[in-house]
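Got a new structure to look at and not sure where to begin? Have a look at it here, then read the questions and replies below.

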Amino acid sequence: MTDSDRFPTDPDRKLADRYQEIARLAGGLAHEIKNPLSTIRLNMELLAEDLAESDSARDRRALRKVRVVEQECQRLQDLLDNFLSYTKIRALRLEPASLNEQIERVLDFFRPKAKQAGIELATYLSADLPTVLLDREAFHGALLNLVLNAEQAIERGGQIVLRTYATGDGVALDLIDTGCGMDEDTRSRIFDAFFSTKSGGSGLGLPTTRKIVEAHGGQITVQSEPGHGTQFTIKLPVPARLAAGGTK
Ligand SMILES: Nc1ncnc2c1ncn2[C@@H]1O[C@H](COP(=O)(O)OP(=O)(O)OP(=O)(O)O)[C@@H](O)[C@H]1O
Ligand SMILES: [Mg+2]
């Protein structure tokens, strides 16, 4: 969906133009910040290498401070990358695709991380899901945000379950984790840009995921119980022309 589809009437059109202008300016600013930031980071790395070779106590203290600057540069870089991917969600390149295959792709990437964290992955992927229209790259990013959040919510050992099924007019995915869950106040704010309860979190993961899902004509909902876990559900429509011939 483009912004002109979202704001069809005249006053809405003006709003859409203004929104686009602000998004463009903010995106440009983020880009401009990235270049000097990477120069600072590179120079900090070189300085750290020099200081690491020294035996003096003063240089060791300086090295610790340089490491802090390096970490903060990394944090800013991640924030800018997340911000740019949030503002950049453009008109999608939709192609017929299998939701199950997309999930397998994300899990191939995530499996080693899950193993390391002692997280069990369980999948119940319906064998006869109808084909949907997906922008594979954007949708991969959307799913990955959810899976990473699930992993971060699980402190020590736990389970992530992915389940797909056909609905009356589309397909759905449930992503369930046995993590820390959320209270009502947190749950009501998770799709707000920059809302995060994590130190170093950008708070752009879920807003980006929602924007991508909605750009596919879908919806994302959440249910959560503090101390028990969280379930996200994504529903996607199946276009009539694809509804007849289903794939897995
Ligand atoms: N599966 C989950 N279980 C518990 N809380 C969650 C879960 N997913 C999201 N949250 C809550 O929603 C907040 C916002 O999530 P979002 O992905 O947008 O940002 P983030 O994860 O904090 O930062 P980033 O995605 O940049 O690392 C999180 O900080 C967390 O409080
Ligand atoms: Mg996140």
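What follows is a short round of questions and replies about this model.

This is a predicted model, where local features need pLDDT of at least 70, side-chain atom pairs count only at pLDDT 80 or more, and totals for chains, interfaces and linings use all residues. Residues are numbered from 1 along each chain as its sequence is written, while chains are lettered from A and ligands numbered from 1 in the order in which they are written.

Me: How far apart are the centres of domain 1 and domain 2?
Reply: The protein chain splits into domain 1 (3-87) and domain 2 (95-243), with bounds that come from an automatic or database domain assignment. Taken over C-alpha atoms, their centres are separated by 26 Å.

Me: Is H7 mostly covered or mostly uncovered?
Reply: Helices are DSSP runs of H or I with at least four residues, strands are runs of E with at least two, and both are numbered from the N terminus. A residue is buried if 20 or more other C-beta atoms, placed from the backbone, lie within 10 Å of its own (exposed means 12 or fewer, partly exposed in between). Eight of the 11 residues of H7 (residues 205-215) are buried, among them Leu-206, Ile-212 and Val-213. That makes H7 mostly covered.

Me: Which helices are among what covers the buried residues of H7?
Reply: Contact here puts two C-beta atoms, placed from the backbone, within 7 Å. The cover includes strand S6 (219-225) and strand S7 (229-237), and also two helices: H3 (57-87) and H5 (136-153).

Me: Which helix gives the most to the shell around ligand 1?
Reply: A residue is near the ligand if its C-beta atom, placed from the backbone, lies within 6 Å of it. Of the 23 residues around ligand 1, those that come nearest include Ala-153 and Gly-205. H5 and H7 each supply at least two residues of the shell. With four residues, the top giver is H5.

Me: At what angle do the axes of H4 and H5 cross?
Reply: Axes are lines fitted to C-alpha atoms, for helices over the stretch in contact, and angles run from 0 to 180 degrees between N-to-C directions. The axes of H4 (residues 99-116) and H5 come within 10 Å. Phe-110 of H4 and Leu-143 of H5 are among the residues that make the contact. The crossing angle is roughly 35°.
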